Structure formats: structure tokens, C-alpha cells
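Reader: I am new to reading protein models, and I would like to go through this one slowly, with each term explained as it comes up.

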Amino acid sequence: MATRQVLLLSNSKLHGQDFFEWCSDFFPSFLSKNNVKKLLFIPYAVRDHDDYLNKVEGPFMKLGFQVESIHNKPDPGLAISECDGIFVGGGNTFLLLKTLYEKDLIEPIRTAVFKKGIPYIGSSAGTNVATRSISTTNDMPICFPPTLEALKLVPFNINPHYIEADPNSKHMGETREDRIKEYLNEPGSAPVLGLKEGSALLVENDKATLMGHQAAKLFQKNKDPVEFNSGDDLSFLLLHDF
């Protein structure tokens with residue numbers, strides 16, 4: 001039976017670094033142990049697909065992996081079913097999800113991950129769409145997907161680029177924590193894992209582990225937020241359909 005292999009990055013770049021440099025200690029090993037030599041890149045979170053491909057090709061080659069983009073494939077669904085691994089990049093989450101629905105790629109990606117064991121890597125928007133819904137994205141709704149329901153590769157939500165409020169700031173607007181709690185007050189909401197810059201969640205079948213150099217904060221309805229550190233086991237988040 002195929003096993004779920006998912007790596008969800010908060011971000012592709014850190015300040016002053018190249019793409020994927022911050023996660024170079026575990027990113028290549030995730031791909032290598034899953035026998036991935038060539039990644040299928042999904043650039044739908046931006047409009048200029050060629051430019052996006054040009055930006056990530058070099059960094060992937062540095063890590064020892066080839067990349068080809070789904071926008072150059074005549075049959076995107078077939079490309080997903082035949083690829084070694086999938087990488088979904090960042091950009092605007094609403095545009096990304098809308099395009100995945102328009103191209104009928106939701107079920108092919110789910111089938112690839114759950115039934116074929118094809119590894120999925122998401123970053124930022126690519127992480128948002130891997131979760132239960134995109135309700136906790138930081139992006140503006142520049143377009144409208146048919147629903148906010150996403151790929152559901154994991155049964156909870158993630159807030160990439162999570163940032164704590166600055167106690168010295170004079171900004172009077174809502175904090176990221178405030179916004180997440182607004183979501184949790186809605187019926188049918190799911191737990192939200194706030195992934196800080198430089199953090200990632202590794203999911204191997206039914207085991208989930210926090211990776212990277214930063215902590216993450218878990219928000220659940222009617223509970224105080226809990227912070228987790230790199231290496232912590234978050235598998236309990238996979239055991240329930242929230």
C-alpha cells in the first residue's frame with residue numbers, strides 16, 4: 001500500500017539566502033529517499049509561469065534535482081500520475097486553488113499522494129492548498145476559486161509565514177493570532193498550525209514531525225495556543241477528521 005509522503009514548507013526563501021537554502025539539510029534527503037530525481041513543478045500561484053520556472057530551476061539543480069513545469073505538459077493530469085514528485089510553489093493561494101480546480105487537478109493530486117505514494121512538496125501557497133482549506137491564508141482574494149476547500153492531504157489548516165505580534169509595535173490592527181482565532185470561531189473550523197519562517201512539517205504516512213530552525217504554534221478551538229519546537233512529533237494532528 002502506498003504511503004503519504006508530504007513536506008510542507010512555510011517559505012521557499014529566507015532573507016539573504018537562495019531558494020531552499022534554509023532547508024537544505026532535510027529537503028534533498030526527503031526527495032532522495034523517495035527516489036525522486038525529477039520534480040513536476042506546479043507554478044499556478046503566479047501568472048508568469050515561464051518566469052517562475054526560471055527562478056527555481058537553478059536552485060533545484062544545485063540540490064541535484066531536475067525540474068519540469070506542468071504548464072509545458074499537454075495533459076496536466078497525466079503528468080501528475082506519471083511524475084516522480086510534485087512541487088507546488090508559493091504566490092497567491094486563491095489563484096493557485098482556482099487554477100487547480102479549473103484544470104481538474106484536485107483529485108489527480110490526491111490520487112498521486114494517497115494511492116501512488118508520489119511525494120508532494122508545498123511552499124507557502126503550495127502548503128496552504130495541501131491542507132483542509134485555504135481559509136487561513138495570508139493572501140488577498142484576487143480571484144475566486146469555486147470553494148475554499150483544498151487538497152486535504154492533511155486534515156487541518158496551516159498558516160505559513162506565521163509571525164508573532166511585536167509588543168513594541170504601535171500598529172493597532174489585528175495580529176495574525178487574532179485573525180486565526182476569528183477563523184476558529186466559525187462553525188466547522190479545523191486546528192491551525194502556524195508555521196514560522198524557516199519551519200516545515202514532514203508527513204510520512206501517519207507520522208508528522210516539525211522540521212527546520214523555528215518553532216510553530218498550534219491553535220485549536222477553545223484551547224490556549226501551544227508552541228512546538230523542531231523535532232517535535234505532531235502525529236496526533238493526523239489521527240482525527242476535525
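Reader: What share of the contacts in the protein chain with a separation of 6 or more comes from residues 24 or more positions apart?
Author: This is a predicted model, in which local features need pLDDT of at least 70 and side-chain atom pairs count only at pLDDT 80 or more, while totals for chains, interfaces and linings use all residues. Residues are numbered from 1 along each chain as its sequence is written, and side-chain values use heavy atoms, with hydrogens and water left out. A contact means heavy atoms within 4.5 Å. Among contacts in the protein chain with a separation of 6 or more, the part owed to residues 24 or more positions apart is 69%.

Reader: How many helices and strands does the protein chain have?
Author: Both kinds of element are DSSP runs numbered from the N terminus, where helices are H or I with at least four residues and strands are E with at least two. Counted in this way, the secondary structure of the protein chain comes to 7 helices and 11 strands.

Reader: What is the radius of gyration of the protein chain, and why does it agree with a compact globule?
Author: The radius is taken over C-alpha atoms, and the globule rule is 2.2 Å times the number of residues to the power 0.38. Along its principal axes, the C-alpha trace spans about 50 × 40 × 35 Å. Because a compact globule of 242 residues would have a radius near 18 Å, the value for the protein chain agrees with it, at 17 Å.

Reader: Which residues of helix 4 are buried?
Author: Buried means under 20% relative accessible area, exposed means over 50%, and partly exposed lies in between (1.4 Å probe, protein chains only). Across the protein chain, buried residues make up 51% of the 242 residues, and helix 4 (residues 93–102) is mostly covered, with 7 of its 10 residues buried. The cover over these buried residues includes strand 2 (38–42), strand 4 (85–88), helix 5 (106–114) and helix 6 (125–128). The buried residues of helix 4 are Thr93, Phe94, Leu95, Leu96, Leu97, Thr99 and Leu100.

Reader: Is Asp104 buried or exposed?
Author: Asp104 sits in the loop between helix 4 and helix 5, and it has a positive phi of about 55 degrees although it is not a glycine. Most residues other than glycine have a negative phi. With a relative accessibility of 60%, Asp104 counts as exposed.

Reader: Where does Asn205 lie?
Author: Asn205 also has a positive phi, of about 55 degrees, although it is not a glycine. Its relative accessible area is 34%, so Asn205 is partly exposed. Its place is the loop between strand 8 and strand 9 (207–212).

Reader: Which residues does Glu197 touch, not counting those up to four places away in sequence?
Author: Glu197 is found in the loop between strand 7 (192–196) and strand 8 (199–204), and at 32% relative accessibility it counts as partly exposed. Leaving out residues up to four places away in sequence, Glu197 touches Ser10, Asn11, Lys13, Leu14, His161, Tyr162 and Gln214.

Reader: Why does Cys83 form no bond with Cys23, and how many disulfides does the whole structure have?
Author: A disulfide is a covalent bond between the sulfur atoms of two cysteines, and here it is counted when a pair of cysteine sulfur atoms lies within 2.5 Å. The sulfur of Cys83 is 19 Å from the closest cysteine sulfur, which belongs to Cys23, so the two are too far apart for a bond. Cys83 is itself buried, with a relative accessible area of 14%. In the whole structure, the number of disulfides found is 0.
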